[in-house]
Amino acid sequence: MRRILSIWFPNFAIERFRIGRNRARRFLPDTETGTSEEPLVLVEHGVRGTRICAVNSKAQIAGAFRGQMLNDARAACPLIQVIQAAPEADADALDRLAGWALRYSPMTAPDLSGEESWEKDYGLLIDTTGCDHLFGGEETITETIENDCADLGLTVHAGIGDTVGAAWA
């Protein structure tokens, strides 16, 4: 029986940005990279205006949310830091993450859904059929992947099932 592990990264875009910024911080003074204490949103400009694609926890506490128009978020939090989203870089990072996940199974794939960048969900699908026993079972392989992703600085939610739909649930 086929078993699929679905890994969802609810904050992938903002965490990918933060990880890249932290790497850059080694070479730049703090004044050029900002601080992690600021409310931060990633935005994309569209026909109907500028929409928020991702928010950090400080921005979320201030009332900003994914899909919100930037003007509305600025009304609630005027000091919000705004950065242009990079959906292509997010997709490339997800592809690299799928390659990284080959350590758990020879069958991995990025799971990218959503039409607009502000509604995109980022995830991985890993076929663990015949592989999970190498890690001590389904529960252990899932826990190992969650811990390894946390070590990379990524928040994850995982599910496993006989089909992709069952794993998503």
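Q: Two strands pair if DSSP finds at least two bridges between them. In this predicted model, which residue in strand 7 does Leu5 stand opposite?
A: Let's start with the two strands. Strand 1 covers residues 4-9, and five bridges join this strand to strand 7 in an antiparallel run. Look across from Leu5 into strand 7, and the residue you meet is Ile160.

Q: Why is one side of strand 5 and of strand 7 left without a neighbour in the sheet?
A: Four strands make up this open, antiparallel sheet, in the order 5-6-1-7. That puts strand 5 (108-113) and strand 7 (157-161) at the edges, so one side of each has no neighbour in the sheet, because each has a single partner strand.

Q: What angle does the direction of helix 5 make with that of strand 5?
A: Helix 5 spans residues 87-100 and packs on the sheet. There, helix 5 touches strand 1, strand 6 (121-127) and strand 5, and its direction makes with that of strand 5 an angle of about 155°.

Q: At what angle to strand 1 does helix 6 run?
A: Helix 6 is formed by residues 138-152. This helix lies across strand 6, strand 7 and strand 1, and its angle to strand 1 is about 25°.

Q: Which residue in strand 3 is the bridge partner of Leu42?
A: Now for the open sheet of three strands, with the order 3-2-4 and mixed pairing. Its edge strands are strand 3 (49-55) and strand 4 (81-84). Strand 2 (residues 40-46) pairs with strand 3 over six bridges in the antiparallel sense. In strand 3, the bridge partner of Leu42 is Ala54.

Technical notes
Residues numbered from 1 in each chain as written. Predicted model: local features only at pLDDT ≥ 70, side-chain atom pairs only at ≥ 80, totals over all residues. Heavy atoms only, no water. Contact = heavy atoms within 4.5 Å. Axes fitted to C-alpha atoms, helices over the stretch in contact; angles between N-to-C directions.
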